[in-house]
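Work through the exercises below with the sequence and the coordinates at hand. Each task is followed by a stepwise solution.

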Amino acid sequence: PNPGAQGVPGAVRLRRRWRIKPPATCRAAPPCAAVWAPPCRCGPPALESPPVSPVSRSPSPQARSPASAGREPGRADMGSRARARRAVAVLGFAGLLCAVLGAVMIVVVPTLIKQQVLKNVRIDPSSLSFNMWKEIPVPFYLSIYFFDIVNPDAILLGEKPQVRERGPYVYREFRHKSNITFNDNDTVSFLEYRSFQFQPDKSHGLESDYIVMPNILVLAAAMMMENKPMSMKLIMTLAFSTLGERAFMNRTVSEIMWGYDDPLIHLINKYLPNVFPFKGKFGLFAELNNSDSGLFTVFTGVKDFSRIHLVDKWNGLSKVSFWHSDQCNMINGTSGQMWAPFMTPETSLQFYSPEACRSMNLVYKESGMFEGIPTYRFVAPSTLFANGSVYAPNEGFCPCLESGIQNISTCRFNAPLFLSHPHFYNADPVLAEAVLGLRPNQEEHSLFLDVHPVTGIPMNCSVKLQLSLYIKAIKGIGQTGKIEPVVLPLVWFEESGAMEGEPLQTFYTQLVLMPSVLHYAQYVLLALGCVLLLIPIIHQIRSQEKCYLFWSSSKKGSKDKEAIQAYSESLMTSAPKGTVLQEARL
């Protein structure tokens, strides 16, 4: 049957369903078989074939010329299909390229980032962080809080001390390294000098403020004479009286910080040389201003990355001799400025502190962000200043008193000085209860370091420590009166600094932003490649479905076959003239 006939039920159903208009009455085809005329555009395609030459199997010239105009739309349609196939191929190739590039980046980028980090954090003039290590661009501040004695006379009568916190008195700290010498054993030696400049706008008070404090020279000398003969004690009492020395003194902040002339120092240096390490003025921080913290020799990490920034020697020593065990005398960790990169939460921060005469260890607490830079926060463990009975490895720092304070007399001219957290935070509560006016709390008195875990460079830090003096009445020395044994806080200080300005921007761009962009770009490329690869696959599936439509028409029943064929032919009748293209489509 003729599938284009109007009376076919299947064709009628498909036309109604797809809103195909019924064909109009077609003109009659020429009776001459030699002339191959195209049927009308609205009717079904002719089933006759044009005359074919026995040699070329192509239509004869007489048959080609009348239909040449009708083939132009078909050629345009075929050209658009060819362009579509080329576009699909290009997209498929681009998708394959993106997917391969993304997969390669997933394998290569982590190694590339690690190599760049190792190159830029080692101590080498060509590294990015060398100038930062040499001239620390971070503004450091030293904030001093004094414990002003409210009742000095009552203390001499045996009453409980009462103190009042004064401050902060803030100083800008400047650091720079000099005498930098690279050694043959992958180490570098240097001296780091520090100087301080008072900042009135950041301070709560002036350097001219007066503070009542214990007279460290008198009370320390009295403690050192405790086991001496009574005759020597009487001589000392007489000397104190002659020089006008008392157990408590009233001096300015500047004098307490940077030193004052005291006749007692000249007397002791004259008759007991080498008892005190200083020959001129005496001050709590006099040794720190315009001076160095000792000759450090640290590993550069150029040849052996596993030891980067670790201290090899301090003042030519591999270990100190202040304490009573080899473990306590060890010089562990770095110099306290940079650490090894690629940290994990299991990493601990070890560093040697010349001021504390010992190595310290900080532990991981939590992760966070500083100005868009991921950081690990490290804090002091509860065992940092614990005594030997609470934490056995600290037994070498004893003789000890209550837990939470460390005796540093062996490295501070045998004066009974103790190091702890401010207000005896994290120490035995007995210590804070023995002094009125102390209020220890974690937020104000705990120390922390925020370190970028990938590079090991500190972003933000706040180190808080307290210096205290153990005092009591010494029989035979009248200046000590009836003082009850007590660890009396003298001063606590905070050394803080945070990266900011241009160094922060440079650090963020080169060591945080660029690695992050590469990290996400590899997954974006991989995902984009997979999406582009789906385009040719979908195109191929749709092409196969169209071919299957015509093939399946010969397998179905007569009505379904007629309906599918009629619908298929309706899709093929877009050309205004000619049946060659239509037959080619079929």
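The model is predicted.

**Exercise 1.** Determine how many residues of helix 6 are buried, and what covers them.

Solution. Step 1: helix 6 spans residues 216-224, and 8 of its 9 residues are buried. Step 2: the buried residues are Ile216, Leu217, Val218, Leu219, Ala220, Ala221, Ala222 and Met223. Step 3: the cover includes two helices, helix 7 (230-243) and helix 9 (263-271). Strand 4 (210-214), strand 14 (457-471) and strand 15 (486-498) are also among the covering elements.

**Exercise 2.** Find the disulfides and give the handedness of each.

Solution. Step 1: a search of the whole structure gives 2 disulfides. Step 2: Cys357 and Cys411 are joined, with S to S 2.2 Å. These cysteines are 54 residues apart and link distant parts of the chain: Cys357 lies in the loop between strand 8 (349-353) and strand 9 (358-370), Cys411 in the loop between strand 11 (405-407) and strand 12 (417-420). The torsion about their S-S bond is about 90°, so this disulfide is right-handed. Step 3: Cys398 is joined to Cys400, with S to S 1.9 Å. Here the torsion about the S-S bond is -95°, and the link is left-handed.

**Exercise 3.** Classify Cys398, Cys400 and Cys328 as buried, partly exposed or exposed.

Solution. Step 1: buried requires under 20% relative accessible area. Step 2: Cys398 is buried because its relative accessibility is 12%. Step 3: Cys400, at 28%, counts as partly exposed. Step 4: Cys328, at 5%, counts as buried.

Definitions and conventions
Residues numbered from 1 in each chain as written. Predicted model: local features only at pLDDT ≥ 70, side-chain atom pairs only at ≥ 80, totals over all residues. Heavy atoms only, no water. Buried < 20%, exposed > 50% of the residue type's maximum accessible area, 1.4 Å probe, protein only. Helix = DSSP H or I, 4+ residues; strand = E, 2+ residues; numbered from the N terminus. Contact = heavy atoms within 4.5 Å. Disulfide = S-S within 2.5 Å.
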